[in-house]
Amino acid sequence: MKIAVEGCMHGDLDNVYATLLHLEKVENTKIDLLICCGDFQAVRNKNDLESLNVPSHYRSMNSFWKYYSGQVVAPVPTVFIGGNHEASNYLWELYYGGWAAPNVYFLGFAGVIKFGNIRIGGISGIFNQRHYHLGHYERPPYNNNDIRSVYHVREYDVYKLMQVKEPIDIFVSHDWPRGITDYGNWEQLIHQKPYFEKEIKERTLGSKAAAELLDKLKPPYWFSAHLHCKFPAVIQHGEGGPITKFLALDKCIRGRNFMQILEIESDSGPHEIQYDEEWLTITKNSHGLFPLTRKTTQFGSQQVDMSECREWIREKLRTRGCKPFDFVQTVPSYDPVHANARSFLGHCRNPQTEMFLQLLELPYLLDRTTDDQGRRKSLMPLNSSDKVDHTLNYGDEYIDIDNLDGIGLVDED
């Protein structure tokens with residue numbers, strides 16, 4: 001199986017797919033799958049731009065909307081994770097994963113899927129210690145603070161991935177595992193990116209959570225993006241232990257190292273995206289722990305017994321099949337003729353997510369929030385005439401999260 005891995009997409013699907021098709025032609029080969037390491041920017045319309053945390057001069061519709069609308073279909077099955085520049089309201093609809101467009105699959109805030117017999121795992125977002133132990137409290141439409149924290153990795157999602165025991169072939173994160181530079185040519189990296197030197201020497205460059213996952217999962221391949229450069233490394237897990245080949249890739253710009261082709265042993269197919277039995281078991285078992293408020297959480301390294309639930313999941317998939325539920329549009333796509341049109345700003349219940357939770361017999365929680373007394377309530381859809389308060393704060397819990405994204409360049413591009 002040949003898999004193409006791409007760094008930061010930044011909404012430029014047209015050029016990435018054009019590059020793939022060119023490679024297939026000149027090398028007389030066939031790419032089976034494309035994996036994107038974040039900053040995918042699944043922007044469907046003008047409203048999605050408002051949940052995209054980028055400087056105004058980078059705020060553009062780009063090309064994803066054409067794939068969402070069906071005007072164009074991705075020529076290669078595509079799997080992506082989220083980064084720190086995303087249409088966060090849309091990704092929240094698909095928190096557990098799902099089709100963002102026909103043939104384009106979001107892995108979820110954390111997730112594991114199978115493509116043929118290849119097992120692919122990933123974690124969306126970037127690490128920020130200040131929000132790591134909080135719940136997923138942000139709800140669309142996001143205020144000026146929440147739009148900068150919604151993509152911060154939470155311990156709950158890492159905890160779920162730490163429950164994985166069966167081998168993962170490929171793992172994807174947006175930011176690099178902390179300490180990964182110890183295993184590659186960091187001197188050359190500093191020559192290319194001198195402003196990384198302080199963080200590399202202080203061992204603060206990258207994600208602490210991703211480093212923990214790397215140590216636990218030990219996949220043969222790990223891919224990242226975020227820092228807009230190419231960086232390879234090889235990690236030996238203990239004396240005589242397994243090896244992880246790490247590669248960070250650049251963003252999609254002519255002349256930059258933004259793509260790598262990987263050939264990996266696999267069965268003869270069919271090569272299609274399928275639910276992963278172990279991951280569904282973990283999702284069902286941990287759903288009752290799903291934190292949805294600002295309260296601090298501590299999951300630690302506790303393990304849960306999944307044997308009974310695993311058999312239940314196996315029977316469910318045996319009856320229904322392992323393919324994800326079909327893609328469904330939930331909002332109108334961008335229309336160049338009516339370029340300034342606006343629509344619903346709040347949370348849409350994505351039918352894929354609803355059917356996924358029904359399959360696992362779990363309640364839908366993504367539109368829940370808490371009022372001042374701590375009672376759960378549902379967010380009601382906004383009418384077009386409703387005014388949105390973008391000045392919300394949380395009393396003593398208010399946090400100014402400007403400039404808390406670690407690397408100084410994360411908002412540059």
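In the predicted model, one aromatic cluster is formed by Trp 92, Tyr 95, Tyr 96, Phe 109, Tyr 156, Tyr 159, Tyr 275, Phe 290, Phe 299, Phe 325 and Phe 356. Among its members, Trp 92 and Phe 109 have ring centres 5.6 Å apart and planes at 75°; because planes over 60 degrees apart count as edge-to-face, this pair is edge-to-face. Trp 92 belongs to helix α4 (residues 88–93), whereas Phe 109 lies in the loop between β5 (104–106) and β6 (110–115), so the pair ties together parts that are 17 residues apart in sequence. Trp 92 has a relative accessibility of 1% and is therefore counted as buried. Phe 109 is also buried, at 11%.

The count of aromatic pairs comes to 26. The pair of Phe 40 and Phe 80 has ring centres 3.8 Å apart and planes at 10°, and is therefore stacked. Phe 40 is placed in the loop between β2 (33–36) and α2 (46–49), and Phe 80 in strand β3 (residues 78–80), so this pair links parts that are 40 residues apart in sequence. The relative accessible area of Phe 40 is 0%, which means that the residue is buried. Phe 80 is buried as well, with a value of 0%.

Rings also take part in arrangements with charged side chains. The charged end of Arg 44 sits over the ring of Tyr 90, at 3.8 Å from the ring centre. In a second case, Arg 294 lies over the face of Tyr 137, and here the distance to the ring centre is 4.0 Å.

Across the chain as a whole, 12 helices and 15 strands are found. Of the 413 residues, 55% count as buried. Among contacts between residues at least 6 apart in sequence, 77% join residues that are at least 24 apart.

Helix α6 (residues 155–162) has seven of its eight residues buried, so this helix is largely enclosed by the rest of the structure. The buried residues are Glu 155, Tyr 156, Asp 157, Val 158, Tyr 159, Lys 160 and Leu 161. Two of the residues named there, Tyr 156 and Tyr 159, are also listed in the aromatic cluster. The buried residues of α6 pack against two helices that precede or follow it in the numbering, α5 (129–132) and α9 (208–217), as well as against α10, β6, β7 (118–123) and β8 (170–173).

Helix α10 (residues 277–286) also meets helix α12 (residues 351–360): the two axes come within 10 Å and cross at roughly 85°. Because angles of 65 to 115 degrees count as roughly perpendicular, α10 and α12 are roughly perpendicular to each other. On the side of α10 the contact is made by Leu 280, Thr 283 and Lys 284, and on the side of α12 by Phe 356, Leu 359 and Leu 360. These residues divide into four nonpolar, one polar and one charged. Phe 356 is, in addition, a member of the aromatic cluster.

Ile 313, in helix α11 (residues 307–320), touches residues of both helices. Its contacts, not counting residues up to four places away in sequence, are Glu 277, Leu 280, Thr 281, Lys 284 and Leu 360. Ile 313 and Leu 280 are 33 residues apart in sequence, yet their C-alpha atoms are 7.0 Å apart in space. With a relative accessibility of 0%, Ile 313 counts as buried.

A charged residue can be buried too, as Glu 24 of helix α1 (residues 13–27) shows. Its relative accessibility is 13%, and because buried means under 20%, Glu 24 counts as buried. Leaving out residues up to four places away in sequence, Glu 24 touches Thr 29, Lys 30, Ile 31 and Val 76.

Several loops contain backbone features of note. The peptide bond from Pro 140 to Pro 141 is cis, with omega near 0°, and Pro 141 is found in the loop between α5 and α6. Lys 218 is not a glycine, but has a positive phi of about 50°. Lys 218 lies in the loop between α9 and β9 (221–224), and its relative accessible area of 31% makes it partly exposed. Glu 361, likewise other than glycine, has a positive phi near 55°. Glu 361 is located in the loop between α12 and β14 (368–370), and at 52% relative accessibility this residue counts as exposed.

Key. Residues are numbered from 1 along each chain as its sequence is written. This is a predicted model: local features need pLDDT of at least 70, side-chain atom pairs count only at pLDDT 80 or more; totals for chains, interfaces and linings use all residues. Side-chain values use heavy atoms; hydrogens and water are left out. Axes are lines fitted to C-alpha atoms, for helices over the stretch in contact, and angles run from 0 to 180 degrees between N-to-C directions. Helices (H or I, at least four residues) and strands (E, at least two) are DSSP runs, numbered from the N terminus. Angles under 35 degrees count as roughly parallel, over 145 as roughly antiparallel, 65 to 115 as roughly perpendicular and the rest as oblique. Contact means heavy atoms within 4.5 Å. Ala, Val, Leu, Ile, Met, Phe, Trp, Tyr, Cys and Pro count as nonpolar, Asp, Glu, Lys and Arg as charged, and the others, Gly among them, as polar. Rings of Phe, Tyr and Trp (its six-membered ring) pair if their centres lie within 6.5 Å; planes under 30 degrees apart count as stacked, over 60 as edge-to-face and the rest as tilted. Buried means under 20% relative accessible area, exposed over 50%, partly exposed in between (1.4 Å probe, protein chains only). A charge sits over a ring if NZ of Lys or CZ of Arg is within 6 Å of the ring centre and within 35 degrees of the ring normal.
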